[in-house]
Amino acid sequence: MEPGDVSYAAELEQGATQLGIELSETQQQQLLAYLALLNKWNKAYNLTAVRDPAEMVSRHLLDSLSVVPHAEQGGSRWLDVGSGGGMPGIPLAILFPKRSFTLLDSNGKKTRFLTQVKLELKLANVEVVHSRVEQFKPEQPYTDITSRAFSSLDDFANWTRHLGDMETRWLAMKGVQPDDELQALPEDFQLEHCLVLKVPGCQGQRHLLILRRTS
């Protein structure tokens, strides 16, 4: 596929419109260039089980963009934990160029891919970190910490507690509403919002859970 493939561009633009997002021409080009890199590197690096680029538009690009309306009120320093192929970190970095995004993953192949994306897309607001989350010690807390299919909510909260503070929002992207995981949340975390995400082209359920520290 080529970044400018008309069918992918149309699907992306139409899906973004359904999500209430207006993409600039530059943002659309960057997202499609990212899609092309994901498709190219996936063959060797196994970044995602999704092999069809058309399916990647809905299941990766639009799925990541579905949190944009809820990210609008976020802060300036974001961390994407277990970023893998860069979802939702890369699309969010493209949509919010004035915010900084740290993409963290313990898999060296995936961080090499993310570094290539940062270079080719000229994303000056992206930092790629190759580390286990428990061992990562940033200089200051993050305002927003995201994860997408990274772990259980209990592990997500416990492993990243040291990366945020009382002002931080934890944003976990999930499929079906994980009621059992919510029951197992650590005592110092609480659910602030459970939001249903409508992702154009995706049949399954999608939810965004926003957590906060209570102490």
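**Entry: Asp-144**

I began with Asp-144, which is found in strand 4, residues 144-148. I kept in mind throughout that this is a predicted model. Is Asp-144 buried or exposed? I noted a relative accessibility of 1%, so Asp-144 counts as buried. I then looked up its polar partner and found a contact of 2.8 Å that joins the side chains of Asp-144 and Thr-143. Leaving out residues up to four places away in sequence, I listed what Asp-144 touches: Gly-74, Gly-75, Arg-77, Trp-78, Leu-79, Thr-168, Arg-169 and Leu-171.

**Entry: helix 3**

I turned next to helix 3, residues 53-65, where 10 of the 13 residues are buried, so this helix is largely enclosed by the rest of the structure. I wrote down the buried ones as Pro-53, Met-56, Val-57, Ser-58, His-60, Leu-61, Leu-62, Asp-63, Ser-64 and Leu-65. What covers them? I found that the cover includes helix 1 (6-18), helix 2, helix 4 (68-71), helix 5 (89-95), strand 4 and strand 5. Strand 4 was already in my notes as the place of Asp-144. At the N-terminal end of helix 3 I found a cap, made by Asp-52, with a side-chain oxygen 3.1 Å from the backbone nitrogen of Ala-54.

**Entry: the nonpolar cores**

I reminded myself that, in soluble globular proteins, nonpolar side chains tend to be buried together. The largest nonpolar core here holds 46 residues, and among these Leu-12, Leu-65, Leu-95 and Phe-113 touch the most other members. Which helix gives the most to this core? I found that helix 2 does, with 7 residues. I then followed Leu-12 and, leaving aside neighbours within four places in sequence, found it in contact with Leu-23, Gln-28, Leu-31, Leu-32, Val-57, Leu-61, Leu-62 and Leu-65. Several of these names were familiar to me, since Val-57, Leu-61, Leu-62 and Leu-65 are among the buried residues of helix 3. I also recorded a second, separate core of 19 residues, which includes Leu-163, Leu-182, Leu-185 and Leu-209.

**Entry: aromatic pairs**

How many aromatic pairs are there? My count came to 6. In one of them, the rings of Trp-41 and Tyr-45 have their centres 5.0 Å apart and their planes at 75°, so I entered the pair as edge-to-face. The two residues are 4 apart in helix 2 (residues 25-45), which puts about one helical turn between them. I noted that Trp-41 counts as buried at 18% relative accessibility, whereas Tyr-45 counts as partly exposed at 22%; the limit that matters here is 20%.

I then looked up Trp-170 and Phe-189, which also form an edge-to-face pair, at 4.8 Å centre to centre with 80° between the planes. Trp-170 lies in strand 5 (residues 169-174) and Phe-189 in strand 6 (residues 189-196), so this pair ties together parts that are 19 residues apart in sequence. Both partners are buried, Trp-170 with a relative accessibility of 0% and Phe-189 with 5%.

Returning to Trp-41 and Tyr-45, I saw that they form one aromatic cluster with Phe-113, a residue I had already entered under the largest core.

**Entry: charges over rings, and Asn-125**

I found the charged end of Lys-109 over the ring of Tyr-45, 5.8 Å from its centre. A second case is Arg-99, which lies over the face of Phe-96 at 4.2 Å from the ring centre.

Phe-96 led me to Asn-125, whose side chain reaches the backbone oxygen of Phe-96 at 3.3 Å. Where is Asn-125? I placed it in the loop between helix 6 (108-120) and strand 3 (126-130). Asn-125 is buried, with a relative accessible area of 13%. Apart from neighbours within four places in sequence, I listed its contacts as Ala-93, Phe-96, Pro-97, Arg-99, Ser-100 and Phe-101, so that Arg-99 and Phe-96 appear again in this list.

**Entry: cysteines**

Last, I looked for disulfides and found 0. Why does Cys-194 form none? Its sulfur is 17 Å from the closest cysteine sulfur, in Cys-202, which is too far for a bond, given that a disulfide needs the two sulfur atoms within 2.5 Å. For Cys-202 the closest cysteine sulfur is that of Cys-194. I added that Cys-194 is partly exposed, with a relative accessible area of 30%.

Conventions:
Residues numbered from 1 in each chain as written. Predicted model: local features only at pLDDT ≥ 70, side-chain atom pairs only at ≥ 80, totals over all residues. Heavy atoms only, no water. Buried < 20%, exposed > 50% of the residue type's maximum accessible area, 1.4 Å probe, protein only. Phe/Tyr/Trp six-rings, centres within 6.5 Å; stacked < 30°, edge-to-face > 60°. Lys NZ or Arg CZ within 6 Å of the ring centre and 35° of its normal. Polar contact = N/O pair within 3.5 Å; in protein donor to acceptor, adjacent residues only side chain to side chain. Contact = heavy atoms within 4.5 Å. Core = buried A, V, L, I, M, F, W, Y, C linked by side-chain atoms within 4.5 Å.
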